[in-house]
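Biologist: Please take a close look at one part of this model with me, and then follow the neighbouring pieces outward from there. I work at the bench, and plain words suit me best.

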Amino acid sequence: MLIVSAASEVSPFAKTGGLGDVTGSLPLALRKLGHQILTFLPRYRTIDIKKNRLSIVIDPLEIPLGKEKLTARIYNARHPSGAEFYFVDQPDLFLRDEFYGTASSDYPDNDRRFAFFQRAVLETLRALSLKPDILHCHDWQTGLIPAYLKTRYAKDALFKKTRTVFTVHNLAYQGNFPPDSLPLTGIGWEEYKMEKLEFYGKVSFMKGGLVYADAVTTVSERYSREIQTEEFGCGMDKVLAHRQDSVYGIINGLDYEEWGPETDKDIAQSYGVESAAKKKINKAALQKSEDFTVDPAIPLFGVISRLIDQKGIDILVASLDALAALGGQLVVLGTGDEKYHHVLRELGRRHRGRFGIHIVFDAARAKHIYAGCDFMLVPSYYEPCGLAHLVALRYGTIPVVRATGGLADTVEEFNPETGKGNGFRFEAYKSEALLQAIERGLAVFKDKKDWNALVHNAMTCDFSWDASAKRYSDLFEKISQGVKKS
Ligand code: ADP
């Protein structure tokens, strides 16, 4: 199949979070399955033409934007795997310091920027006479593409067989704009209705994907169900419930080439499933660098996270005095809300020599923490998929998670009786529940045989992209053939 993917960020060219990881890794994995794959993204300032060896494919390409016509230049680059990347270059719209806005606010013309980007994707396909089998769109920045295919481009022979898939990476970011954004998009007012693009008096780009796409996917099975409830639906729960026959959950994979203790050059000592005992060298190195007592018998906990409400930082901080009382050591790495920086620093002072608090984004330090800790705490309030616990599993660091979204789909409570399970999980969003899970973890930690079995289970889980890409590929085949959800 010819699969065309469009996203506002694609690793390694442009990335601020998990979205970029997925849109960068999935094409390579789909390529391995034999598909032809093109991925579109804007050319931001950070994407250097020379360094990335971009070549011009179309110049100029005229794109309508409301009553105006703007020109774009389209570049492409080919990855050694054969996957191709297309870049929409429009200096006024995309050559800026950030992708979406400054720290204090979003760019005021994000409606123009991403309406333009989406039209540019479709106009490039037209100019090159490419007939995609699947158009795979990600998050609100590309939510209008499925709407275009059912409206403005509905009669275009080129897209006659094209089916659209819209993937929600985080429903909380919706791209809702005032109604006067609609004329910019070139979509008519007849689509501005509650059942279509209108959302509480705004035009919602996200809704374009949710309503018009042939299939909607989210990044875990559990999250696909959670977002159909009022608690996690961000106002879109009814829209999603209405489409439940076309909503699927496909867990993200982890890039096993980027993350793996066997090949990791940043950590003190590499190790693998068969040499998991060497992990303790990393633990000792981490304890030493944190000025903690160096002792393999002291349980060492890690947290690597954005420090925001979504990540459960409030129940985490409420449990930390108790964690210290249980004899644990703790390393926290993260940035986010000032209120959490403040309490965590305070806790760090209170438990000096036991807690190490690092309010910074530091990819190299993250690796030391993944490799050196015994446990990784991920108490999220909600988590569409989550990467930190998947990385932790790969490094034999045992996740303690709240059973939500992708965490619930991938972490199974360890049962010492059966020897099954890869971590510890709790249901209630309460610090007491987190602490109970930690205590269950500590009981296993004290029993060397059980603990080794648990670490082995964690390290042998397979959350690589291969399995997830196969699921996307199966879904693409299914909707191309018009097969309904079973
Ligand atoms: P989200 O995308 O919602 O922030 P994920 O769990 O999907 O959460 O991905 C977070 C990724 O970012 C993980 O790979 C984690 O290791 C990394 N990360 C988060 N905070 C930091 C930090 N302060 N320093 C280094 N890496 C971090």
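Modeller: Happy to! Contact means heavy atoms within 4.5 Å. Helices (H or I, at least four residues) and strands (E, at least two) are DSSP runs, numbered from the N terminus. This is a predicted model, in which local features need pLDDT of at least 70 and side-chain atom pairs count only at pLDDT 80 or more, while totals for chains, interfaces and linings use all residues. Residues are numbered from 1 along each chain as its sequence is written, and side-chain values use heavy atoms, with hydrogens and water left out.

Let's settle on helix H6, residues 205–212. Seven of the eight residues in H6 are buried (under 20% relative accessible area with a 1.4 Å probe, protein chains only; exposed is over 50%, partly exposed in between). The buried ones are Phe205, Met206, Lys207, Gly208, Gly209, Leu210 and Tyr212. Lys207, with its charged side chain, is on that list alongside Phe205 and Leu210.

What does H6 lie across? Strands S7 and S11 are underneath, and H6 runs at about 125 degrees to S7. Angles here run from 0 to 180 degrees between N-to-C directions, with axes fitted to C-alpha atoms, for helices over the stretch in contact. S7 (residues 163–168) and S11 (residues 215–218) run parallel and are joined by four bridges; two strands pair if DSSP finds at least two bridges between them. To find this pairing on your screen, look for Phe166, whose bridge partner in S11 is Val216.

H6 also packs on another sheet, as we can see by starting from its strands. This is an open sheet of three strands in the order S8-S10-S9, with antiparallel pairing. Strand S8 (176–177) and strand S9 (198–199) are its edges, and each has a single partner strand, so one side of each is left without a neighbour in the sheet. Two bridges hold S9 and strand S10 (residues 202–204) in an antiparallel pair, with Phe199 opposite Lys202 in S10. H6 touches S8, S9 and S10 as it packs on this sheet, and its direction makes about 55 degrees with that of S10.

Now back to S7 and S11, which belong to an open sheet of nine strands with mixed pairing. Its order is S3-S4-S5-S2-S1-S6-S7-S11-S12. The edge places go to strand S3 (55–65) and strand S12 (247–249); each has a single partner strand, so one side of each is left without a neighbour in the sheet. From one strand to the next, the twist averages 25 degrees. Helix H17 (residues 465–480) lies across five of these strands: S1 (2–6), S6 (134–138), S7, S11 and S12. H17 makes about 140 degrees with S7, and H6 makes about 125 degrees with that strand.

Further along the chain, there is a run of parallel pairs worth a visit. Strand S13 (residues 300–307) runs parallel to strand S16, with two bridges between them, and Phe301 has Phe375 of S16 as its bridge partner. In S16, Phe375 and Leu377 point one way and Met376 and Val378 the other, and all are buried. Four bridges then join S16 (residues 375–378) to S17 in parallel, including the one where Phe375 partners Ile398. Between S16 and S17 the chain passes through helix H13 (residues 388–394), a right-handed β-α-β crossover. Right-handed means that, with the strands pointing away from the viewer, the path from the first strand over the helix to the second runs clockwise.

How many residues of S17 are buried? Five of five, across residues 398–402. Ile398, Val400 and Arg402 lie on one side of S17, with Pro399 and Val401 on the other. Three bridges link S17 to strand S18 (residues 424–426), again in parallel, and Val400 stands opposite Phe424 in S18. S17, helix H14 (residues 405–410) and S18 form another β-α-β unit, and that unit is right-handed.

One last stop is His351, in the loop between helix H11 (338–350) and strand S15 (355–358). His351 is buried, at a relative accessible area of 16%. Leaving out residues up to four places away in sequence, His351 touches Asp321 and Ala324.
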